[in-house]
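Me: I'm new to this one and would like a close look at a single part of it. Start with one loop residue and work outwards from there, please.
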Amino acid sequence: MANVNFWLSLGVFIAACAIFLEIALGHRKLKRLIDITPAFFGDPPRVSIILTALNEAATIEPALRSVLSLNYPNLEIIAINDRSTDDTPAILDRLREGHAALKVVHISDLPTGWLGKNHALHQGSKLATGDYLIFTDADVVFDPTVIARAVTYCQQNELHHLAIFPEVPTKENLFAALLLRFQFSLFLQYKPWKVRAPNKYFTGIGAFNMVRSREYREAGGHEALRMDVIDDLVLGKIMKAHGFTQEAMVGAGLISVAWYESSREMFKGLRKNIFAAFDYKLSKLAALSVFFAIFTLWPW
């Protein structure tokens with residue numbers, strides 16, 4: 001029995017080292033947005049930022065003010081109030097005053113066959129006139145140079161879809177540890193450093209999903225993912241499935257989002273989409289459960 005334990009433990013150790021090495025090297029391959037110097041080919045293309053808010057009164061104002069402070073010269077901002085029952089509508093209407101680039105849309109009803117956020121993003125995309133569309137959330141704070149850097153990178157690399165990982169500040173040690181584990185699992189499954197190549201891997205980030213509008217509409221847009229819970233990832237999936245070029249970057253220092261305030265909120269928030277990440281397949285969930293049991297419980 002001791003020999004079995006030894007060889008099993010040795011196998012787990014070697015496999016764990018290989019996995020950690022792959023993720024560490026993969027993460028190093030991801031380029032950082034902060035390293036990109038803005039430089040356009042001709043006139044800056046028009047960019048439409050589309051964000052949705054459902055009862056986001058606590059976060060919407062600082063996030064939207066950061067968007068309104070972007071120093072990009074050809075910008076359109078579309079803020080969607082998705083059936084909020086708090087002060088979100090009033091905050092949006094107040095911020096609209098004096099900002100010609102900001103359009104505010106209030107949605108009161110959800111059609112059958114749609115999830116709320118997907119429907120709101122779809123409505124925003126129909127109004128958008130930009131050459132590029134950026135889908136984001138109501139709690140994401142941007143540095144003023146973000147759009148100029150992202151557009152430059154897309155033009156220089158002929159990208160149709162750019163997903164950027166935000167910086168996530170944490171206040172609680174347990175939450176920081178859980179966040180690290182979540183990011184580890186995300187990188188292990190989706191390998192974002194590989195998405196540019198023609199393979200099975202794809203990515204999408206809710207905080208910053210930037211698509212070229214023509215290709216986005218050719219792929220079916222959000223109408224193609226009406227009931228997808230993890231709409232950000234599935235948008236990346238359909239863009240990749242249609243053969244459009246895609247890449248992921250790190251936005252540390254330029255894009256931040258207070259994702260959850262605590263580990264308790266994280267558990268509550270992720271309940272709705274963890275199973276969706278496995279395509280609602282028990283076999284995938286069981287396989288990952290066995291994997292984590294071996295690599296996290298067995299060593300103890």
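What relative accessible area does E56 have, and does that count as buried, exposed or partly exposed?

Reply: E56 has a relative accessible area of 24%, so E56 counts as partly exposed. For these labels, buried means under 20% relative accessible area, exposed means over 50%, and partly exposed is in between, using a 1.4 Å probe and protein chains only.

A quick word on what you're looking at. This is a predicted model, where local features need pLDDT of at least 70 and side-chain atom pairs count only at pLDDT 80 or more, while totals for chains, interfaces and linings use all residues. Residues are numbered from 1 along each chain as its sequence is written, and side-chain values use heavy atoms, with hydrogens and water left out.

Back to E56. You'll find E56 in the loop between β2 (47–53) and α2. Helices here are DSSP runs of H or I with at least four residues, strands are runs of E with at least two, and both are numbered from the N terminus. Leaving aside neighbours within four places in sequence, E56 is in contact with D86, T88 and A138; contact means heavy atoms within 4.5 Å. Look at D87 as well: E56 and D87 are 31 residues apart along the chain, yet their C-alpha atoms are separated by 8.1 Å.

Next door is N55, which sits in the loop between β2 and α2. N55 isn't a glycine, but its phi is positive, at about 55°. With a relative accessible area of 37%, N55 is partly exposed.

Now follow the chain into helix α2 (residues 60–68). The axes of α2 and helix α3 (residues 88–96) come within 10 Å and cross at roughly 25°. That crossing makes α2 roughly parallel to α3. Axes are lines fitted to C-alpha atoms, for helices over the stretch in contact, and angles run from 0 to 180 degrees between N-to-C directions. Angles under 35 degrees count as roughly parallel, over 145 as roughly antiparallel, 65 to 115 as roughly perpendicular, and the rest as oblique. From α2 come I60, E61, L64, R65 and L68, and from α3 come I91, L92, R94 and L95, to make the contact. Those residues split into 6 nonpolar, no polar and 3 charged. In that count, Ala, Val, Leu, Ile, Met, Phe, Trp, Tyr, Cys and Pro are nonpolar, Asp, Glu, Lys and Arg are charged, and the others, Gly among them, are polar.

From N55 you can also hop to another loop. G113 and N55 are 58 residues apart in sequence and 22 Å apart in space, C-alpha to C-alpha. G113 lies in the loop between β4 (102–107) and α4, and G113 is partly exposed at 36% relative accessible area. Not counting residues up to four places away in sequence, G113 touches R226 and M227. N118, in helix α4 (residues 116–127), touches R226 and M227 too, along with H222, L225, D228 and D231, on that same way of counting. N118 is buried, with a relative accessible area of 1%.

Further along is H160, in the loop between α5 (146–157) and β7. H160 is buried at 15% relative accessible area. Beyond residues up to four places away in sequence, H160 touches several others, including M210, V211 and R212.

Strand β7 (residues 161–165) holds F165, while helix α6 (residues 173–190) holds F187, 22 residues away. F165 and F187 form a tilted aromatic pair, 5.3 Å centre to centre with 45° between the planes. Rings of Phe, Tyr and Trp (its six-membered ring) pair if their centres lie within 6.5 Å; planes under 30 degrees apart are stacked, over 60 edge-to-face, and the rest tilted. F165 and F187 are both buried, and together with W193 they form one aromatic cluster.

Helix α6 also packs with helix α9 (residues 263–270), at an angle of about 35° and with their axes 8 Å apart. There, L174, F175, L178, L179 and F182 in α6 meet S263, M266, F267 and L270 in α9. That contact divides into 8 nonpolar residues, 1 polar and no charged.

Last stop: K191, in the loop between α6 and β8 (209–212). K191 has a positive phi near 45° without being a glycine, and at 10% relative accessibility K191 counts as buried.
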